[in-house]
There are 2 protein chains.
Amino acid sequence: MKLITRNTDYALRAVCYIAQQKKVITVTELVNVLGVPRSFMRKILQKLSKEKILESYKGQGGGFRLRILPKKIFIVQIMRIFQGPVSLNGCFLKKDVCPNKGKCLLRKKINIIENNALMQLRQINIASIIKG
Amino acid sequence: MKLITRNTDYALRAVCYIAQQKKVITVTELVNVLGVPRSFMRKILQKLSKEKILESYKGQGGGFRLRILPKKIFIVQIMRIFQGPVSLNGCFLKKDVCPNKGKCLLRKKINIIENNALMQLRQINIASIIKG
DNA sequence: GCTAATGATACCATATTAGTATCTTTTGTC
DNA sequence: GACAAAAGATACTAATATGGTATCATTAGC
Ligand code: FES
Ligand code: FES
């Protein structure tokens, strides 16, 4: 039961680091600091760049920088980018199986938990992580 | 981001059904009611039996029955059986990478969310689902 | 002894996750 | 302009988890 996968995790840390440094950071630097495989890190950063979280500069002296303020980057965004839509689960059974149709208590209870977790998750942004 | 996998889901419903019927139930009956592949259902029930949630009877007239009261079967138990330990995730990075060591805020925040979700999950038992 | 049930086990298919490799493009520096 | 250092694009591979199937052994009632 993993809420966060490895690439999301790496992405979060990369973004945190970049946010703290406040300058253009190269993959090389990130790889050295985080100890993550280079190619993997590259892929992750490229995606973050495509998704408008980071801004990239090619060529010598290039690298990555935040495109938006740390307090405007929420971890659910990052999760969505690497893990798809953030919602816990639907019902696996074929229609008409559930005795109470739309009133399935199991589903209801799980949905409540899901919503609570999501509401909490949604409040976490990069700023709230790095200013500790 | 799946909180519950398919086998857990099937297991939960099977247990609910068995709890409601209050008699020995065969795989055949469950398969008919839930519309789940037979072999898969068998595997799931056998596991539940091994894990002392169900009691099984071999031979003609055999089948499965609850071994403990519905209110004593918590869904986290079932999740643990099919999905391993219920916790959202640890830290993927190698030791000494996190700048604040034991005080990593990201980790802390995720742990809080995890604990809240778990506390809620832990309160759900089979009895609370079926008496709706 | 037959049949209807579960137990044990091994296998297969698919999807997701994690990671690698390679070639192209851009840009600053000499 | 050549070179080197960076990211962009893309395709491939490996490992793991999930979902499911198949088969033979064992037990117990009739
Ligand atoms: S069985 Fe699907 S919602 Fe209850
Ligand atoms: S980096 Fe692992 S806990 Fe912070």
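## Helix axes in chain B

Axes here are lines fitted to C-alpha atoms, for helices over the stretch in contact, and angles run from 0 to 180 degrees between N-to-C directions. The model is predicted. In chain B, the axes of helix H1 and helix H4 (residues 75-83) come within 9 Å and cross at roughly 140°. Angles over 145 degrees would count as roughly antiparallel, and H1(B) and H4(B) are therefore oblique to each other. Their crossing is right-handed.

On the H1(B) side, the contact involves B:Asn7, B:Thr8, B:Ala11, B:Leu12 and B:Val15. These meet B:Ile75, B:Ile78, B:Met79, B:Phe82 and B:Gln83 of H4(B). By class, the contact has seven nonpolar residues, three polar and no charged.

## Surroundings of DNA strand D

DNA strand D is surrounded by 27 residues, and the closest are A:Arg42, A:Ser56, B:Pro37, B:Phe40 and B:Lys43. Of the strand D atoms that come within 4 Å of the protein, 62% belong to sugar and phosphate. The surface near the strand divides into 12 polar, eight charged and seven nonpolar residues.

## Polar contacts and contributing elements

A polar backbone atom of A:Val27 lies 3.1 Å from a phosphate oxygen of DNA strand D. Base nitrogens of the strand also take part: one is 3.1 Å from a side-chain N or O atom of A:Gln46, and a base nitrogen is 3.4 Å from a polar backbone atom of A:Gly59.

Elements giving two or more residues to the surface near strand D come from both chains. Chain A supplies helix H3 (38-50), strand E1 (54-57) and strand E2 (63-66), while chain B supplies helix H1 (6-21) and helix H3 (38-50).

Conventions. Residues are numbered from 1 along each chain as its sequence is written. Chains are lettered from A and ligands numbered from 1 in the order in which they are written. This is a predicted model: local features need pLDDT of at least 70, side-chain atom pairs count only at pLDDT 80 or more; totals for chains, interfaces and linings use all residues. Side-chain values use heavy atoms; hydrogens and water are left out. A residue is near a molecule or strand if one of its heavy atoms lies within 4 Å of it. A polar contact is a pair of N or O atoms within 3.5 Å; within protein, one must be able to donate a hydrogen and the other to accept it, and residues adjacent in sequence count only if both atoms are side-chain atoms. Helices (H or I, at least four residues) and strands (E, at least two) are DSSP runs, numbered from the N terminus. Ala, Val, Leu, Ile, Met, Phe, Trp, Tyr, Cys and Pro count as nonpolar, Asp, Glu, Lys and Arg as charged, and the others, Gly among them, as polar. Angles under 35 degrees count as roughly parallel, over 145 as roughly antiparallel, 65 to 115 as roughly perpendicular and the rest as oblique. A crossing is left-handed if the near helix is turned anticlockwise from the far one by less than a right angle, and right-handed if clockwise. Contact means heavy atoms within 4.5 Å.
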